Amino acid sequence: MRVASAVFSLWKLDLPISLTAVNDAADSVQTSFVLLTFGSTAIVLYIIYAAVSAAMAVPMASAAQEAGYGAPSRGFFFGFGRSFIPLFCVFFFSILLQFYFGLLTALFALLPIFISVISIILTQSLPDFDLDLILKGIAASAALLWLNSWIWSVCALAFLKHSGDAPLPATSPQPGPETATDIRSLRKSRERSF
């Protein structure tokens, strides 16, 4: 890998390719090549993850409806890939924001809690945290929770848009045929009122 990346970079820079040049260039080229490879691989994997999540969002909502409401069973891949482009945009930005707010939650909420537990165990006292740090932790945790609920709400709306199950119209109960007993009791109630 090192030799291939060094030869490729020497060829692109129009430098002579020799064993000495490859040996001298190998260390610096390898570091930059690894960073480029890791960065591009992370971007491609992120896009694939968002695409798979968007394609499976409607089937997951369908499975949740079947489990929760006892709806008629459909195949697991019912609605696969429906509303893909809007759901892909939602997942793409939401996963990015979840990573960001997850880091903030770890720094401002989970780390202080962990430090507090360690402090209580070792010194039997709570550390003195600033109110600003506590509020940042609460805000980051609330944003992370909102992002998770928002992403699954959008999935449920996409499922309802394409489910094809129209709600049943509400009907009022129809009165049955009147019997002789009903007519008699109606007459008695009218006679008593006069």
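## A walk through an all-helix model

The protein has 5 helices and 0 strands, where helices (H or I, at least four residues) and strands (E, at least two) are DSSP runs numbered from the N terminus, and along the sequence the pattern reads α-α-α-α-α. The model is predicted, so that local features need pLDDT of at least 70 and side-chain atom pairs count only at pLDDT 80 or more, whereas totals for chains, interfaces and linings use all residues. Residues are numbered from 1 along each chain as its sequence is written, and side-chain values use heavy atoms, with hydrogens and water left out.

Of the 194 residues in the protein, 24% are buried, a word that stands for under 20% relative accessible area, with exposed meaning over 50% and partly exposed the range in between (1.4 Å probe, protein chains only). The accessible surface of the protein comes to about 14,500 Å², of which 71% belongs to carbon and sulfur atoms; such areas come from the Shrake-Rupley method with a 1.4 Å probe, and for residues only the protein chains shown count as cover. Among contacts (heavy atoms within 4.5 Å) between residues at least 6 apart in sequence, 66% join residues at least 24 apart.

The path into helix α3 passes through Gly81, which lies in the loop between α2 (19-69) and α3. Gly81 is partly exposed, at a relative accessible area of 28%, and its C-alpha lies 7.3 Å from that of Val58, although the two are 23 residues apart in sequence.

Helix α3 spans residues 84-123 and contains Ser94. Is Ser94 buried or exposed? Ser94 is buried, because its relative accessible area is 0%, and, leaving aside residues up to four places away in sequence, Ser94 touches Leu147, Trp150 and Ile151. Leu107, also in helix α3, belongs to a nonpolar patch on the surface that further includes Leu110, Phe114 and Ile121, among others, and the members of this patch together have about 970 Å² of accessible area. Patches are made of residues with over 30% relative accessible area and no salt bridge, like charges being joined within 9 Å and nonpolar side chains (Val, Leu, Ile, Met, Phe, Trp, Tyr) within 5 Å.

Beyond this helix, Gln124 is found in the loop between α3 and α4 (131-162). Gln124 counts as exposed because its relative accessibility is 63%, and its backbone has a positive phi of about 55° although Gln124 is not a glycine. Most residues other than glycine have a negative phi.

In helix α4, Asp132 and Lys136 lie 4 residues apart, about one turn of the helix, and their side chains meet in a salt bridge (3.5 Å, N to O). With a salt bridge taken as a side-chain nitrogen of Lys or Arg within 4 Å of a carboxyl oxygen of Asp or Glu, the count comes to 1. Asp132 counts as partly exposed at 48% relative accessibility, and Lys136 is likewise partly exposed, with a relative accessible area of 39%.

Helix α5 covers residues 180-193 and includes Arg190, which counts as exposed because its relative accessibility is 53%. Arg190 gathers with Arg184, Arg187, Lys188 and Arg192 in a patch of positive charge on the surface. For this purpose Lys and Arg count as positive and Asp and Glu as negative, while His and the chain ends are not counted; the place of a charge is taken as NZ of Lys, CZ of Arg, CG of Asp or CD of Glu.
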